[in-house]
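Hello,

Here is the structure I promised to hand over. Please open it first, then read on for what I found.

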Amino acid sequence: MRLIPPMDDEPPPEYVAFVTLHAPELRAEAFRLVGGAPVSEEIYLAVLTDLAGHWRRTRWLRRTGGYVRKRLLARTAQWREDQVYEVEVRVLRPPEPVVALPRTGGSLALRKAAIIGGTARASLDALADAEIAWVHAGLRSRLRRTLGYAIGSFLLVLGLIQYMAWLSTDPL
C-alpha cells in the first residue's frame, strides 16, 4: 500500500480537457515569450509535462491556471539563462488566421465549409500533446521514485556501516 499512488498510464479526462481548452493560448504565449524562437514548442511541451506531474495536487488546490503561468515563466527564464549569446526578444503578436473563401469554383464541400461553422472536431494536436506530456511525467515520476529508493538504500547501508564501526570502537 502506498501513501501516494503512482500516476495512471492514461491521462484523466479532466487533464485532457484542460489541455484542449488552453493549448492554443499556451502555445501562443510560449511563442510570444521567446520571441518566436523554434524552442517555443519545446517550452510548451515541458510546461504540459510539469503540469501532468503535479496534476492531482494542482487540481485539488484549484490552481492549475496559476501553476501553468508560473511554469511557463520559469521555463522561459531558464531558456534565456541557458543562452550562450545575448538574446533579443521581440514581442510578437500571434499571426492572424487566413481564411480563404472559395470562389464560385471548387468542390461542394469547400463551399459548404465556408458557410457552416463549427463542424470541425476538437484539435487532435492538443490530445496528442496531453498524452505525450502525461507519459513523460509518468517516466519522470518513476525515475524519481527509483532514485529515492537508491539514495535511501545507500544512506541506510552507510548508517549501518557507521553504527558497526562505532560498536567496534566502543569500550564496553
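How much of the chain over residues 147-166 is helix, how much is strand, and how far apart are the end C-alpha atoms? The stretch is 100% helix and 0% strand. Its end C-alpha atoms are 28 Å apart. I picked it because of its annotation: an unreviewed UniProt entry lists residues 147-166 as "transmembrane region".

One caution before the rest. This is a predicted model.

**The whole chain**

The chain has 6 helices and 0 strands. Read from the N terminus, the order of elements is α-α-α-α-α-α. There are 172 residues, and 24% of them count as buried. Now take the contacts between residues at least 6 apart in sequence. Of these, 76% join residues at least 24 apart.

**Where α1 meets α6**

Residues 147-166 carry the record's annotation, and helix α6 covers residues 124-169. Helix α1, residues 13-33, packs on α6 at an angle of about 110°. The two axes are 9 Å apart. That angle makes α1 roughly perpendicular to α6. The crossing is right-handed.

Which residues make the contact?

- From α1: Tyr15, Val16, Val19, Thr20, Ala23 and Arg27.
- From α6: Asp125, Ala126, Leu127, Asp129, Ala130, Ala133 and Trp134.

Sorted by class, the contact has 9 nonpolar, 1 polar and 3 charged residues.

**Arg62 and Thr64**

Next, go to the loop between α3 (55-61) and α4 (64-82). Arg62 is found there. What is its phi? Arg62 has a positive phi of about 60°, although it is not a glycine. For background, most residues other than glycine have a negative phi.

Is Arg62 buried or exposed? Its relative accessibility is 75%, so Arg62 counts as exposed; the cut-off for exposed is over 50%.

Thr64 lies in helix α4. Thr64 has a relative accessible area of 14%, so it is buried. The cut-off for buried is under 20%.

What does Thr64 touch, leaving aside its neighbours within four places in sequence? Thr64 is in contact with Phe18, Trp55, Thr58 and Arg59. Phe18 falls within residues 13-33, the range of α1. Trp55 and Thr58 fall within α3 (55-61), as does Arg59.

**Where to look**

Start with the contact of α1 with α6. Then turn to Arg62 in its loop and Thr64 in α4.

Best wishes

Definitions and conventions:
Residues numbered from 1 in each chain as written. Predicted model: local features only at pLDDT ≥ 70, side-chain atom pairs only at ≥ 80, totals over all residues. Heavy atoms only, no water. UniProt positions renumbered as here; feature names shortened; annotations may be inferred. Helix = DSSP H or I, 4+ residues; strand = E, 2+ residues; numbered from the N terminus. Axes fitted to C-alpha atoms, helices over the stretch in contact; angles between N-to-C directions. Parallel < 35°, antiparallel > 145°, perpendicular 65-115°, else oblique. Left-handed = near helix turned anticlockwise from the far one by under 90°. Contact = heavy atoms within 4.5 Å. Nonpolar A, V, L, I, M, F, W, Y, C, P; charged D, E, K, R; others polar. Buried < 20%, exposed > 50% of the residue type's maximum accessible area, 1.4 Å probe, protein only.
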